[in-house]
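Here's a quick briefing to read alongside the structure. Have the viewer open and follow along.

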Amino acid sequence: MDDSQPQTTETATPERQASASDARLGVVFGVGAYAMWGCFPLFFSLFDGVPAFEVLIQRILWSCAFLIVVVTLMRRWAALRRSFRSPRELVRGLGWSLGCALLIALNWGLYIYAVETHHVLQASLGYFMTPLVNVALGMLVLRERLGRWQMLAIGLALGAVLLQLVMLGKLPWISLVLAMTFGTYGLLRKRVSLDALSGLLVETSLLLPLSLAALAWLTWHGQSHFGETSKTTALMIVSGVVTTLPLLAFAGAARRLTLSTVGFLMYLNPTLQFLLALWVFDETISWPQLFTFVLIWIGLGFYSVETWRQHRKLGA
């Protein structure tokens with residue numbers, strides 16, 4: 001007698017079906033988040049003639065405003081207050097958050113500059129390098145022990161940077177700064193007990209006075225583009241929504257998926273940027289640059305293998 005039917009019925013319990021459905025929804029959220037981040041060059045290229053610095057301060061301002069609305073609608077204020085329940089935790093948390101705020105402002109500003117100056121390939125390389133920078137920072141700062149594949153991945157990343165230095169006579173500084181700022185941002189964020197959404201609200205709030213002061217200075221000297229045209233003004237306002245939506249999608253994915261799955265989906269972002277740089281922005285890639293990408297991709301392959309093995313051991 002064939003007993004496969006009872007086994008099939010047993011595995012298709014409502015709990016397992018709900019879990020599978022939740023995982024599928026998590027993948028949709030994850031792909032949506034990284035696809036939106038990957039398409040950021042398309043959005044920021046629309047700010048034609050607006051300096052990267054002004055786009056940055058407008059992005060901070062409207063992101064803060066939109067995050068306030070989102071946190072209010074999601075009723076997250078109580079959780080945010082609990083994270084800073086004592087004066088000591090408040091000072092410590094705001095100190096780390098200020099460091100995060102300065103790093104994310106530098107990262108955002110440089111990214112906008114990269115799109116504005118047609119260096120999307122360098123931006124793509126920077127975000128491909130970010131996981132390897134995270135591993136290196138974990139080793140140097142947190143004294144984490146690395147596996148042999150992770151060490152090899154870091155070695156390949158260093159080799160890729162040196163290759164560009166030797167063959168092109170210059171460092172891919174945009175890639176390096178983007179990777180270092182975002183990697184260090186992730187390191188500092190571990191010190192703050194806030195989710196990504198609430199954390200970004202605190203960070204943009206800390207940057208808000210500087211942004212308002214810069215906006216007032218630009219307006220006083222007649223250099224502000226806000227209100228100049230309806231298109232530019234709308235783009236500046238929408239930049240807050242564009243910044244927040246991927247975070248919401250990412251939060252939905254992180255709750256439903258394992259870290260290894262989220263880490264795999266992460267490569268969608270720089271891959272889309274790489275393709276947009278070549279196919280939409282008509283950037284050219286030299287052989288040394290292409291070889292640099294190949295080395296980074298091989299390094300990411302080793303990194304992914306090691307990460308998968310570690311999560312498998314932990315039962316993740």
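What follows covers a cavity and then a helix. Keep in mind that this is a predicted model. A search of the whole structure turns up one cavity of 30 Å³ or more, and helix H10 covers residues 196-220.

**The cavity**

- The largest cavity holds about 50 Å³ of space.
- Helix H7 (120-140) and helix H14 (287-314) are the elements that each give two or more residues to its lining.
- H7 supplies the largest share of that lining, with three residues.
- If you want to pull up the lining in your viewer, select Leu121, Gln122, Leu125, Gln164, Pro172, Ile285, Gln289 and Phe293.
- By character, the lining splits into five nonpolar residues and three polar ones, with no charged residues.

**Helix H10**

- Start at the N-terminal end, where Asp195 acts as the cap: one of its side-chain oxygens sits 3.0 Å from the backbone nitrogen of Leu197.
- Further along, at Leu208, H10 bends by about 40 degrees, and a proline, Pro209, follows within four residues.
- How far apart are the end C-alpha atoms of H10? They are 35 Å apart, which agrees with the expected 36 Å, because 25 residues at 1.5 Å a residue should span that distance.
- After H10 comes Gly222, which has a positive phi, near 70 degrees.

Terms used: Residues are numbered from 1 along each chain as its sequence is written. This is a predicted model: local features need pLDDT of at least 70, side-chain atom pairs count only at pLDDT 80 or more; totals for chains, interfaces and linings use all residues. Side-chain values use heavy atoms; hydrogens and water are left out. On a 1 Å grid over the protein atoms alone, a cavity is a set of points where a 1.4 Å probe fits but cannot get out, and a pocket is an open set with protein on both sides within 12 Å along at least five of seven lines; lining residues have an atom within 4 Å of a point. Grid points are joined across faces, edges and corners, and a volume is the space filled by probe spheres set on the points. Ala, Val, Leu, Ile, Met, Phe, Trp, Tyr, Cys and Pro count as nonpolar, Asp, Glu, Lys and Arg as charged, and the others, Gly among them, as polar. The expected span of a helix is 1.5 Å times one less than its number of residues. The bend at a residue is the angle between axes fitted to the seven residues ending there and the seven starting there. A polar contact is a pair of N or O atoms within 3.5 Å; within protein, one must be able to donate a hydrogen and the other to accept it, and residues adjacent in sequence count only if both atoms are side-chain atoms.
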